[in-house]
Structures are given as C-alpha cells and as structure tokens.
Amino acid sequence: MAEAPSHPHNRQRQTFVEYAGVMQPAPAPRFSRTAGRDLAPPANPGSHTDEALAEWGVARERCAACASRGDRLRAHGALPDRSRRGRVFVGREPEIGELLAGLEEARAGRGRFLALVGEAGVGKTRTLEEFVDRAGVPETRLLWGRCPEHHGLPAYWPWTQAIEGWIERCDAAVLPRALGRGAADLAQIVPGIAERLETVESHPVSDAAQARLRLFDSMAAFLRRAAESEPLVLVLDDLHWADEGSVLLLAFLAPELRRSRTLLLATYREREMKRSPRLLAEVARVGERIPLRGLALAEAEAFIRERLDGAPGKP
C-alpha cells in the first residue's frame, strides 16, 4: 500500500513493514498533536493548585494533556463533535429507539452489531451523534473511527483511529491489563500503544494468514476486557469506504463479542457497498440492518419550522 507522506500520522514514519498480509507503517513516534499547546489557566486560579496536584500525584503537564485531549481527538476525527449539540433534529425516533435498545442489550452482556444504512446525506452520522447524546455515552466509553474516502492511508485506518483515541484517554495503570498479551499485535496498527507502554513484547509470525488471525483475536480480547465493567460503544462511520481488512475484522468481531458489553455500530451507503458484494455479504451475515430513509412530510415541515425559528435575527 502506498504511503501518504502528507498525512500528519505518517510524516515521521518513513518505513513500512508487511503485517497481516498488508503493508503497515513501522512503529515510530507519531506526529504530536499537542505540540505548542499550553493549558489555559482558570479565570480565578486558586493559590494551592500546584500543591493539590502534587498531593494527588498528578503532574500539571498531565492535566494540560487531559484537558485538551477531547478537542484533539475530535479535530482528528476520532470522536464526534459534541460542540454542535442543540442543532435541529427531528424524526428518526424508531431508529434511535433501536439503537438505545441495542445499548441496553450490550449493558446486559449481549453484544450487538447494528448498521445504519442509507444514501448520502440522509443523516446516518447525525443520527448516531443524536443517539450518543441521548444515551449519555461518555467519551471514555466511545470509540469512533471514520473510513476516509482518500486512498493511500494505512490498512485498518478506522480501527487505528478508534482504538488510538481510547488508548490516549486510558489510565496508565489500566492500559497493560486491557491490552493483555495481544499488545504487540495491536501495536502494529495502533502506534500509540508503543508510546504508552514501556515495553511491547513482539511475536514474529512469518505466515500472513496466521498474523491476521492473531491480530483479530487480540482485538476481540482487548474489546472484551475494555467492556468488562461498563458498555463500550464502537462506531465505524462510512464503512463503504473501508479497506478490506477493516471490514473483515468487523465481520470477525461481531460474533466474537455477542457475550460482551460491546455495541458495534456502523454506517454505510448500500449502493457503494454493493460494488464489493463479498464485503457486503460479510457485513450482512453478522450485523442487523437499520434502513434510514428520507423524512416524512410532517417531519420535514417540523425541521424547516425549527430551523426558521432558530435563525439569527429571529425575534
């Protein structure tokens, strides 16, 4: 697979290696999205802030990183933009009801894979964002990966986005146990793991099929452990643009996570997915399809009315 040198994720990564049957970027320091950022002081800082942080064993620099982390992840596409809350949203009640029911099933230890399917611009991503807000899914329990239309990005890119976001937010004491023995396998597609862990024990595998199976098994084990105490919501947006490996990984995970607290969600355009009938068949085999169509007339009228009522300068 060709390298995309202009992308920030790859600027400091000049070497690619073969892993799981595809060319992957070799582990190396990632582009730092925190460079040059300072923690803005509060409006009325207390006189004992540093002393309190020291007492809790928290470095002030660590607080700065945590404070800006959500914004950085959203800017990079690894989290939905919740700053747009309050936008007009009408309809989609049955679809959101199905998503909420899926979350309750996952909470009870019965993992689900649900896919919102519809044409371009029908509101698939917006519906998922509304579901996340209504369900009150905290950012610490949300893994969001977007499948870009661009060519040249590394294989498993949406998984890299989703898992890397979780890795960045995860407490250092929890991370080694969550990753388990599969840390080295996952580090091949999630470079942030090598940055957070002091040592990552590698397990060289010469056979590409075996390497892919180990990667898939390690991902399943990681998600099961990460969802042990609370439900985990993992979103793959625009799945019709995903690489083959990403879709096959999803198809592997869906049945593996049915006895976990994991809710797998995806969006895709059926017309585009039909161009890869084998991949579409894999998704259909393991997932539940939620079709998303245009708004009903009454819903469209309500949408226009609310937009006009909220327009700037409206008395």
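Student: What volume does the largest pocket have?

Tutor: About 450 Å³. Keep in mind that we're looking at a predicted model. Of the 23 residues lining that pocket, His151, His240, Trp241, Ala242 and Asp243 are the closest to its centre.

Student: What makes a residue count as part of the lining?

Tutor: A lining residue has an atom within 4 Å of a pocket point. Helices α5 (157-169), α10 (244-256) and α11 (270-273) each supply at least two such residues to the largest pocket.

Student: And how do the lining residues divide into nonpolar, polar and charged?

Tutor: You get 13 nonpolar, five polar and five charged.

Student: Let's pick out Thr160. Why is Thr160 called buried?

Tutor: The cut-off for buried is under 20% relative accessible area. Thr160 has 3%, so Thr160 is buried. You'll find Thr160 in helix α5.

Student: What makes the link between the side chain of Thr160 and the backbone oxygen of Ile189 a polar contact?

Tutor: Check the distance: the side chain of Thr160 reaches that oxygen of Ile189 at 2.6 Å. The limit for a pair of N or O atoms is 3.5 Å, and one must be able to donate a hydrogen while the other accepts it.

Student: Zooming out, how much of the chain counts as buried?

Tutor: 45% of its 315 residues. The chain has 13 helices and seven strands.

Student: Which atoms supply 51% of the area the chain exposes?

Tutor: Carbon and sulfur atoms do, out of about 16200 Å².

Definitions and conventions. Residues are numbered from 1 along each chain as its sequence is written. This is a predicted model: local features need pLDDT of at least 70, side-chain atom pairs count only at pLDDT 80 or more; totals for chains, interfaces and linings use all residues. Side-chain values use heavy atoms; hydrogens and water are left out. On a 1 Å grid over the protein atoms alone, a cavity is a set of points where a 1.4 Å probe fits but cannot get out, and a pocket is an open set with protein on both sides within 12 Å along at least five of seven lines; lining residues have an atom within 4 Å of a point. Grid points are joined across faces, edges and corners, and a volume is the space filled by probe spheres set on the points. Helices (H or I, at least four residues) and strands (E, at least two) are DSSP runs, numbered from the N terminus. Ala, Val, Leu, Ile, Met, Phe, Trp, Tyr, Cys and Pro count as nonpolar, Asp, Glu, Lys and Arg as charged, and the others, Gly among them, as polar. Buried means under 20% relative accessible area, exposed over 50%, partly exposed in between (1.4 Å probe, protein chains only). Accessible areas come from the Shrake-Rupley method with a 1.4 Å probe; for residues, only the protein chains shown count as cover.
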